[in-house]
Amino acid sequence: MRQAWWMLAMVALWPGLAAGAITRGPLLGDVTQGAITIRWITDQPSLGTVQFGLSLAALTGSASETGTPRTDHEVRLTGLAASTRYLYIVSSGPDMAAGAEQYFTTAPTACEPYRIAVFGDTRGATTFCDDLSDWAKVATMIDGQAPELVVGTGDYVYAGEKTSCWDHWFDAVPKLFKHTPFYPAMGNHDYDTQTYTDESNAGLLNAQRWFSLPTGPEVGKYTTYYAFSFGNARFIVYDTYKDHAPGSAQYQWIEAELAAAKADPNVQHSFVINHATFEGVGQFCFIGEQAQKDNRAWIEPLVQQYEADATFVGHEHNYVHVKKNGIHHVVTGGGGAPLENTIILPCDQHLCDNPDLVKFDQCTFHAMILDINGAHVTYTALAEDGTTVLDTWEEDHWATKVPVCLPPAPDGGTAGDAGPPPADAGAPPDAVVDAPAYDSAGNPLAAAGGGCCRVGARGGATGAVPLALLCLAALALRRRRR
């Protein structure tokens with residue numbers, strides 16, 4: 001009893017450890033060769049800490065929030081080694097999230113092979129968002145393929161303005177996003193009123209709670225169009241529901257990104273992702289939806305001009321593969337939303353003709369798996385059972401480019417960069433980073449203090465609480481509650 005009381009006292013008196021059970025997360029995002037962001041939500045305001053390292057016995061790095069306790073937590077870890085797997089533990093107040101599924105791998109260099117997954121339209125059939133069993137099966141299949149990152153083409157929930165819809169969505173996927181960074185494009189259903197209105201859009205605000213994305217070109221706004229590099233590829237994600245007509249800011253940004261990818265000798269692949277279709281042959285093509293017409297008229301010529309590998313979209317709840325003018329246009333809208341037409345028409349009967357159509361299927365939940373190794377990509381449309389292949393092809397792209405593969409520096413750059421950023425560069429302004437040190441070969445060294453949390457305001461009083469103490473305190477609290 002006395003031990004329980006002194007542990008309770010330590011938790012109560014230590015800054016930032018007062019309360020806050022973890023109710024959602026953790027969720028990974030915005031990974032680079034040297035950094036990653038982790039988010040989670042608690043039921044009460046608290047301050048959070050992430051412990052990380054190469055094994056649970058050597059959690060030599062930590063990053064902690066400081067300042068005002070909050071329920072929505074975001075911690076960025078920096079100073080990591082490229083292409084390296086880390087384990088991590090999240091704590092908020094007395095509560096702690098840990099488990100075998102909590103790990104991440106930093107981005108590879110331009111000369112290493114890697115796997116990614118792309119999916120879309122997981123939203124279920126009703127505004128209650130209460131039956132996401134098909135999405136759960138697709139997510140389990142994706143997880144079984146062990147991708148290093150996942151890209152979404154939109155429409156994750158039926159009604160983005162409802163927090164309960166997002167709760168159900170994450171409940172259906174208890175493990176995948178704890179060890180796989182996620183990069184989403186916004187779909188119409190993810191927005192309130194099914195379109196972007198302004199920065200107060202309830203769907204946008206819900207997405208903002210969860211998804212940590214790279215900094216986009218919209219200054220002072222939560223980005224919904226952005227680009228990021230992973231290995232030797234550039235991914236360009238744009239927002240169908242913001243102005244992307246020729247001359248608009250988003251159009252100019254898309255063209256600049258495509259041009260830069262083509263010119264960069266270290267980029268061998270460029271992929272374009274949004275929600276609405278380019279070359280769909282289903283219902284939205286049939287009704288002549290304006291969004292598809294706009295993509296064809298405005299963005300598709302840029303994709304062709306700058307020789308992108310492929311476009312990935314959703315919106316139609318089917319699988320479509322069109323190869324037009326050397327570009328692969330893929331609709332991967334079979335993530336769990338009701339499939340387009342499984343009763344009236346056969347599975348391979350599309351509603352619009354397209355002379356460049358390669359493959360069509362409207363009866364199978366699925367996701368795309370991409371295996372990238374240098375200039376070579378193997379594309380596989382894989383059904384939710386994890387064994388049925390709907391479509392597959394292989395292709396080389398920009399094979400004459402020879403990326404420079406220097407040894408990765410600890411900050412995620414390469415030897416020969418101008419120099420590492422400060423230890424907390426890129427971290428939220430109220431996060432304290434205690435990253436492991438590295439030797440000249442980029443190997444992590446054990447940090448002094450042996451894996452301790454640092455809690456407190458920058459420049460103020462700080463201290464070290466061993467991870468074991470946090471575990472014991474949490475156990476003591478739980479026993480008292482029983």
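## Unusual backbone positions

Gln194 is found in the loop that runs between β11 (182–184) and α5 (202–210), in what is a predicted model. Although Gln194 is not a glycine, its phi is positive, at about 60°, and with a relative accessible area of 38% the residue is partly exposed. Ala146, likewise not a glycine, has a positive phi of about 55°. The position of Ala146 is in the loop between α2 (133–144) and β10 (149–152), where a relative accessible area of 53% makes Ala146 exposed, because the threshold for that class is over 50%.

Most residues other than glycine have a negative phi, and most peptide bonds are trans. Against that background, the peptide bond from Gly25 to Pro26 is cis, with omega near 5°, and Pro26 is found in strand β1, which covers residues 22–29. A further positive phi, of about 60°, is taken by Glu307, just after α8.

## Tyr191 in the β11–α5 loop

Tyr191 is also found in the loop between β11 and α5. At 1% relative accessibility Tyr191 counts as buried, because buried means under 20%, whereas Gln194 is partly exposed at 38%.

Leaving aside neighbours within four places in sequence, the contacts of Tyr191 include Gly160 and Glu161, Met186, Tyr196, and Asn201, Gly203 and Leu204. Tyr191 is in contact, too, with Thr224, Asp239, Tyr241 and Lys242. The C-alpha atoms of Tyr191 and Leu205, which are 14 residues apart along the chain, are separated by 9.1 Å.

## Helix α8

Helix α8 comprises 16 residues, 290–305, and at 1.5 Å a residue it should span 22 Å; the C-alpha atoms at its ends are 22 Å apart, so the expected and modelled spans agree. The helix nevertheless bends by about 40° at Ile299, and a proline, Pro301, follows within four residues.

The buried residues of α8 are Ala291, Gln292, Asp294, Asn295, Ile299, Glu300, Leu302 and Val303, a list that includes Ile299, the residue at which the bend is placed. What covers these buried residues includes the helices α6 (249–263) and α7 (283–286), together with the strands β14 (269–273), β15 (310–313), β16 (319–324) and β17 (327–332).

## Residues flanking α8

Ile287 has its place in the loop between α7 and α8. With a relative accessible area of 60%, Ile287 is exposed, because this value is over 50%. The C-alpha atoms of Ile287 and Cys352 are separated by 9.6 Å, although the two residues are 65 residues apart along the chain.

Thr311 lies in strand β15, one of the elements that cover the buried residues of α8. Thr311 counts as buried, at 0% relative accessibility. When residues up to four places away in sequence are not counted, Thr311 touches Val303 of the helix, as well as Val272, Phe278, His328, His329 and Val330. Between Thr311 and Glu300, 11 residues apart along the chain, the separation of the C-alpha atoms is 9.0 Å.

## The second largest pocket

The second largest pocket has a volume of about 520 Å³. Of the 31 residues that line this pocket, Gln33, Ser229, Phe230, Gly231 and Arg234 are the closest to its centre. The elements that give two or more residues to the lining are β12 (226–230), β13 (233–237) and α6, and the largest share, four residues, comes from β12.

By residue class, the lining of the second largest pocket divides into 16 nonpolar, 10 polar and five charged residues. Helix α6 links this pocket with the account of α8, since α6 contributes to the lining and is also among the elements covering the buried residues of α8.

## The chain as a whole

The protein chain contains nine helices and 26 strands. Of its 482 residues, 57% are buried. Among contacts in the chain with a separation of 6 or more, 69% are accounted for by residues 24 or more positions apart.

How values were computed. Residues are numbered from 1 along each chain as its sequence is written. This is a predicted model: local features need pLDDT of at least 70, side-chain atom pairs count only at pLDDT 80 or more; totals for chains, interfaces and linings use all residues. Side-chain values use heavy atoms; hydrogens and water are left out. The expected span of a helix is 1.5 Å times one less than its number of residues. The bend at a residue is the angle between axes fitted to the seven residues ending there and the seven starting there. Buried means under 20% relative accessible area, exposed over 50%, partly exposed in between (1.4 Å probe, protein chains only). Contact means heavy atoms within 4.5 Å. On a 1 Å grid over the protein atoms alone, a cavity is a set of points where a 1.4 Å probe fits but cannot get out, and a pocket is an open set with protein on both sides within 12 Å along at least five of seven lines; lining residues have an atom within 4 Å of a point. Grid points are joined across faces, edges and corners, and a volume is the space filled by probe spheres set on the points. Ala, Val, Leu, Ile, Met, Phe, Trp, Tyr, Cys and Pro count as nonpolar, Asp, Glu, Lys and Arg as charged, and the others, Gly among them, as polar.
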